[in-house]
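Biologist: Hey, can you walk me through this one? I'd like to start with the empty space and then move on to other things.
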Amino acid sequence: MRIRDARIVATAVTPAGFPVDGLPEVAFLGRSNAGKSSLLNALVGRRELARVSGTPGKTRALHWFRVERLDAADRASVLCFVDLPGYGFARVAKSERAAWQRLVESYLDGRAPLRAAVLVQDVRRDATDDELDLVAWLAEREVPVLVAATKADKLKHGAREARVVALREAYGRRARVIATSAVTKLGVDALWELIAGFTEGA
Ligand code: GDP
């Protein structure tokens, strides 16, 4: 996948700030520190498009990245990656968690340009109730979900495959699970192919 251009085009902390240009969107969600920023950077081949945060849970905004890619025949297409704020971080107070949920749900529920959601989670961890609930919630709304099981370079092949099988069992038909690594780039092209499949014709 060749990327011609990738840049941040909008940031919003309330629904009033959500852009209205109608480009197809793919939302990225995940607990803080799961590797979401690193995966976004790997997908667009930029080192610092999304900030790899040293302070998990700090950002409370949605960010829109406009991405222009070229296919094998040099045809360009444009989509937006929407980086949703991280959640599930222990230090976050209950009230803040509720605010996160309201903001994220106000985006995910009925967002017309939304084509798919990528849930980012560490391949070594089991799905939490939060993650299972979120995927069920998205499935109810018919938003296709891809689970990027990140940091796959941290496991040897056999252990990694076993973890992917466990995650596939946990999510069942509600999500596709792909092992990814921002370090070795494992799974990055495969994830792009799936994303392209959901946003094609844009
Ligand atoms: P975010 O909070 O979900 O955006 O996560 P970050 O992208 O900031 O990553 C959290 C930490 O995990 C950072 O120290 C990253 O360097 C590390 N990390 C992220 N992805 C990978 C990966 O694929 N492999 C390895 N080994 N480390 C990763």
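Modeller: Sure. This is a predicted model, and its second largest pocket holds about 210 Å³ of space.

Biologist: How do you even find empty space like that?
Modeller: Rolling a probe the size of a water molecule over the atoms shows where empty space is left.

Biologist: OK, and how many residues line the second largest pocket?
Modeller: The lining has 11 residues. Those nearest the centre of the pocket are W100, Q101, E105, D130 and L134.

Biologist: Which elements give two or more residues to that lining?
Modeller: Those are α2, residues 94–108, and α3, residues 129–140. α2 gives the most, with six residues.

Biologist: And how do the lining residues divide into nonpolar, polar and charged?
Modeller: Six are nonpolar, one is polar and four are charged.

Biologist: New topic: the ligand. Which residues come nearest to it?
Modeller: There are 16 residues around the ligand, and N33, K36, S37, S38 and D153 come nearest. That shell has four nonpolar, seven polar and five charged residues.

Biologist: What about the oxygen atoms of the ligand, which polar backbone atoms are they close to?
Modeller: One polar backbone atom of K36 is 2.8 Å from a ligand oxygen, and one of A34 is 3.2 Å from a ligand oxygen. On the side-chain side, K151 has a polar atom 3.0 Å from an oxygen of the ligand.

Biologist: So how much of the ligand's accessible area does the protein cover?
Modeller: On its own the ligand has 580 Å² of accessible area, and the protein covers 78% of that.

Biologist: Last thing, how many salt bridges are there?
Modeller: The count comes to 12. As background, side chains of opposite charge can pair when their charged atoms come close.

Biologist: Got an example?
Modeller: E68 and R4 form one, with their closest N and O atoms 2.8 Å apart. This pair links distant parts of the chain, as E68 sits in strand β3 (residues 62–70) and R4 in strand β1 (residues 2–12), 64 residues apart.

Terms used
Residues numbered from 1 in each chain as written. Predicted model: local features only at pLDDT ≥ 70, side-chain atom pairs only at ≥ 80, totals over all residues. Heavy atoms only, no water. Near = heavy atom within 4 Å. Polar contact = N/O pair within 3.5 Å; in protein donor to acceptor, adjacent residues only side chain to side chain. Areas by Shrake-Rupley, 256 points an atom, 1.4 Å probe, with all protein chains shown as cover. Nonpolar A, V, L, I, M, F, W, Y, C, P; charged D, E, K, R; others polar. 1 Å grid on protein atoms, 1.4 Å probe; cavity = no way out; pocket = protein on both sides within 12 Å on 5 of 7 lines; lining within 4 Å. Points joined across faces, edges and corners; volume = space filled by probe spheres on them. Helix = DSSP H or I, 4+ residues; strand = E, 2+ residues; numbered from the N terminus. Salt bridge = Lys/Arg side-chain N within 4 Å of Asp/Glu carboxyl O.
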